[in-house]
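Trainee: I am new to this structure and would like to go through it step by step. Could we begin with one helix and then turn to the core, the pockets and the backbone?

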Amino acid sequence: MRRDQLEHAIRTACQIIGHPEVIVVGSQSILGSFDETQLPPDATMSIEVDILPIADDNDETARLADVIEGIAGEFSPFEELHGFSIDGVDLSTSVLPDGWRDRLVKVRNANTAAPGGEPVFTGWCLDKEDLCVAKLCAFREKDQNFVAALIRAGMVDRKLIAERLGTVPVKDRAATERAAAWLEVL
């Protein structure tokens with residue numbers, strides 16, 4: 001996926017739910033910190049963007065996520081036309097470290113604007129190390145490959161990832177311990 005496609009996804013998701021801002025939580029949030037020309041291939045392989053709507057409670061977030069998914073999700077006419085899909089997610093999708101909201105990376109430019117130029121929508125992408133924490137807690141093979149590629153390319157701070165794993169909520173302790181062990185031997 002390219003940065004302009006991420007921006008398109010942000011604009012589309014905001015237009016679908018009628019909100020000025022959304023949060024990008026999946027692997028493509030790395031495009032908030034780097035463009036695709038800087039990233040290793042394993043970091044841009046996904047053709048889906050995970051969008052977390054911003055709402056007052058998780059029930060409303062889940063409802064809005066379903067609306068996004070229904071219009072622009074996998075196998076939708078949107079995906080057929082643009083070559084990527086938008087997956088609506090809720091707060092239970094990602095395991096994130098303490099303070100992640102304070103480190104979000106803002107994506108807002110002419111490409112996130114409505115066709116008439118206004119309003120200009122905003123996407124908030126996960127900080128690159130917070131994203132790696134989420135990927136390592138999920139711990140699928142593709143997540144491990146994603147984080148390993150970023151570490152090998154020197155694009156994320158391994159020590160900072162390890163520190164932030166220690167701030168994940170206690171209920172996810174088993175996932176963080178597995179992730180920390182993997183990180184040590186990488």
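Mentor: This is a predicted model, and a good place to begin is helix α1, in which Q5, L6, E7, H8, A9, I10, R11, T12, A13, C14 and I17 are buried.

Trainee: How many of the 15 residues of α1 are buried, and what does that say about its place in the structure?

Mentor: A residue counts as buried when its relative accessible area is under 20%. H8, which is found in helix α1, meets this cut-off with a relative accessible area of 15%. Because so much of α1 is buried, the helix is largely enclosed by the rest of the structure, and the number of buried residues is eleven of the 15.

Trainee: Which residues is H8 in contact with, leaving aside its neighbours within four places in sequence?

Mentor: H8 is buried and belongs to helix α1, so its surroundings can be described by the residues that have heavy atoms within 4.5 Å of it. With its neighbours within four places in sequence set aside, the residues in contact with H8 are F78, H82, F84 and N111.

Trainee: How far apart are the end C-alpha atoms of α1?

Mentor: At 1.5 Å a residue, the 15 residues of α1 should span 21 Å, and this expectation agrees with the model. After the helix comes G18, whose phi is positive, near 70 degrees. As for the distance you asked about, the end C-alpha atoms of α1 are 22 Å apart.

Trainee: Which residues touch the most other members of the largest nonpolar core?

Mentor: In soluble globular proteins, nonpolar side chains tend to be buried together. Here the largest nonpolar core has 55 residues, and the elements that give two or more residues to this core include α1, β1, β2 and α7. The members that touch the most others are I30, L39, V49, I51, I86, L150 and I161.

Trainee: Which residues lie closest to the centre of the largest pocket?

Mentor: The largest pocket holds about 460 Å³ of space, and β2, α4 and α5 each supply at least two residues of its lining. By class, that lining has eight nonpolar, seven polar and seven charged residues. Of the 22 residues that line this pocket, the closest to its centre are S27, K135, R140, K142 and D143.

Trainee: What is the volume of the largest cavity?

Mentor: The count comes to one cavity of 30 Å³ or more. The residues V25, L52, D90, L91, T93, S94, L96 and W100 line the largest cavity, and by class they are five nonpolar, two polar and one charged. The volume of the largest cavity is about 40 Å³.

Trainee: Where is F75, and is it buried or exposed?

Mentor: Most residues other than glycine have a negative phi, whereas phi of F75 is positive, near 70 degrees. The place of F75 is in the loop between α2 and α3. At 73% relative accessibility, F75 counts as exposed.

Trainee: Which residues are joined by a cis peptide bond?

Mentor: Most peptide bonds are trans, so a cis bond deserves a look. The one to examine here has an omega of about -5 degrees, and P119, one of its two residues, is found in the loop between β4 and β5. The residues joined by this cis peptide bond are E118 and P119.

Key: Residues are numbered from 1 along each chain as its sequence is written. This is a predicted model: local features need pLDDT of at least 70, side-chain atom pairs count only at pLDDT 80 or more; totals for chains, interfaces and linings use all residues. Side-chain values use heavy atoms; hydrogens and water are left out. On a 1 Å grid over the protein atoms alone, a cavity is a set of points where a 1.4 Å probe fits but cannot get out, and a pocket is an open set with protein on both sides within 12 Å along at least five of seven lines; lining residues have an atom within 4 Å of a point. Grid points are joined across faces, edges and corners, and a volume is the space filled by probe spheres set on the points. Helices (H or I, at least four residues) and strands (E, at least two) are DSSP runs, numbered from the N terminus. Ala, Val, Leu, Ile, Met, Phe, Trp, Tyr, Cys and Pro count as nonpolar, Asp, Glu, Lys and Arg as charged, and the others, Gly among them, as polar. A nonpolar core is a set of buried Ala, Val, Leu, Ile, Met, Phe, Trp, Tyr and Cys residues joined through side-chain atoms within 4.5 Å. Buried means under 20% relative accessible area, exposed over 50%, partly exposed in between (1.4 Å probe, protein chains only). The expected span of a helix is 1.5 Å times one less than its number of residues.
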